[in-house]
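Trainee: I have a new model to look through. Can we take it in short questions?
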Amino acid sequence: MRIDVVSLFPDFVRQSAAVGVVGRAQHRELLQVETWNPRDFAPDKHRTVDGRPFGGGPGMVMLIDPLRASLAAIREAAPEPVHVIYLSPQGARLTQGRVEALANMPRIALICGRYEGVDERLLQHEVDEELSIGDYVLSGGELAAAVIIDAVGRLQDGALNDAQSAQQDSFSDGLLDCPHYTRPEHHDAWGGVPEVLLSGDHSAIRRWRRKQSLGRTWLRRPDLLTQRALDEESRVLLDE
Ligand code: SAM
């Protein structure tokens with residue numbers, strides 16, 4: 001998969017995508033992240049990318065043409081069609097379901113806004129989708145781009161050393177993940193781990209984990225339970 005990012009701070013985007021699982025995915029050529037700086041496409045010698053808002057008011061607005069030219073260069077750089085996303089607090093809230101859909105696309109482009117945002121006409125004519133990473137305002141879209149690159153990159157086939165780990169994560173089956181424990185079996189200050197995990201009884205362990213997932217989801221995110229039809233075993237475990 002290829003992700004092209006339009007940003008005034010390309011180094012930040014590149015560096016954040018160079019580490020951990022996503023860095024490894026790039027190294028394994030499962031993911032390609034390219035950055036494009038709209039300043040490189042500004043026609044004037046000052047490399048201007050913003051202008052004052054019509055109607056007055058504070059702040060600046062990103063100009064159409066440097067962004068439009070960046071997107072044209074992105075389209076020219078590879079033959080696959082590009083799904084263009086503007087990162088915005090006004091977009092649809094990013095979910096694991098949306099991440100999974102994006103991860104299956106051959107190519108996406110992420111536009112990182114700055115200042116007051118982007119001229120609305122560019123959004124109307126060039127953008128397929130607006131996505132938000134939460135109900136708060138960042139000073140720029142780069143952190144949101146890094147979030148999408150990470151969430152999408154780790155889902156590329158072969159990016160995780162154990163593909164099963166993504167299937168066990170929160171949201172992948174609509175529930176929160178169960179608690180995890182590791183050595184020591186008995187901690188001097190905080191005691192032991194749940195007995196069942198040491199039992200070797202895989203069926204009992206699977207049921208315990210399922211029950212923990214359901215209980216946590218019910219306590220912490222009951223909204224998730226109303227969004228999914230529970231299977232018979234889960235209904236019984238939740239009632240126990
Ligand atoms: N004036 C805009 C508004 O109120 O909707 C906010 C502009 S914000 C200061 C600058 C840029 O940060 C935005 O253009 C967007 O790209 C990015 N941004 C801010 N918050 C975001 C969020 N929650 N999710 C995704 N991108 C965000």
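**Domains, site, core and ligand shell**

Mentor: Yes. Keep in mind that this is a predicted model.

Trainee: How far apart do the C-alpha centres of domain 1 and domain 2 lie?

Mentor: Start with the bounds. The domain assignment gives domain 1 as 2-153 and domain 2 as 170-239. Between their C-alpha centres the distance is 37 Å.

Trainee: Which residues does the UniProt annotation "binding site" cover?

Mentor: That annotation comes from an unreviewed entry. In the UniProt record it covers G113, I133, G134, D135, Y136, V137 and L138.

Trainee: Is G113 buried or exposed?

Mentor: Place G113 first: the loop between β6 (107-112) and α5 (120-126) holds it. Leaving out residues up to four places away in sequence, G113 touches M62, Y86, L87, S88, V118, G140 and G141. A residue needs 20 or more other C-beta atoms within 10 Å to count as buried. G113 has 24 such neighbours inside 10 Å, so G113 is buried.

Trainee: And G134, buried or exposed?

Mentor: G134 sits in the loop between β7 (129-132) and α6 (142-153). The cut-off for exposed is 12 or fewer. G134 has 11 other C-beta atoms within 10 Å, so G134 is exposed.

Trainee: Which element gives the most to the largest nonpolar core?

Mentor: This core has 39 residues, and L110, I111 and A145 touch the most other members. Elements that give two or more residues include β1 (2-6), α3 (64-77), β5 (83-93) and β6. With six residues, the top contributor to this core is α6.

Trainee: What is I111 in contact with, leaving aside its neighbours within four places in sequence?

Mentor: I111 is one of the core residues that touch the most other members. With those sequence neighbours set aside, its contacts are V6, L67, V84, I85, Y86, L87, V118, V127 and G141.

Trainee: Which element gives the most to the shell around the ligand?

Mentor: The ligand is surrounded by 19 residues. The closest are L87, P89, G113, G141 and A144. G113 also belongs to the annotated "binding site". With four residues in the shell, the element that gives the most is β5.

Trainee: How many charged residues does that shell have?

Mentor: Sort the shell by class. Nonpolar residues number eight and polar residues nine. The charged count is two.

Trainee: Over residues 1-226, how far apart are the end C-alpha atoms?

Mentor: UniProt, in an unreviewed entry, places "domain: tRNA methyltransferase TRMD/TRM10-type" at 1-226. Over that range the chain is 38% helix and 17% strand. The end C-alpha atoms are separated by 33 Å.

Key:
Residues are numbered from 1 along each chain as its sequence is written. This is a predicted model: local features need pLDDT of at least 70, side-chain atom pairs count only at pLDDT 80 or more; totals for chains, interfaces and linings use all residues. Domain bounds come from an automatic or database domain assignment. UniProt positions are given in the numbering used here, feature names are shortened, and annotations may be inferred rather than shown by experiment. Two residues are in contact if their C-beta atoms, placed from the backbone, lie within 7 Å. A nonpolar core is a set of buried Ala, Val, Leu, Ile, Met, Phe, Trp, Tyr and Cys residues joined through C-beta atoms within 7 Å. A residue is near a molecule or strand if its C-beta atom, placed from the backbone, lies within 6 Å of it. Ala, Val, Leu, Ile, Met, Phe, Trp, Tyr, Cys and Pro count as nonpolar, Asp, Glu, Lys and Arg as charged, and the others, Gly among them, as polar.
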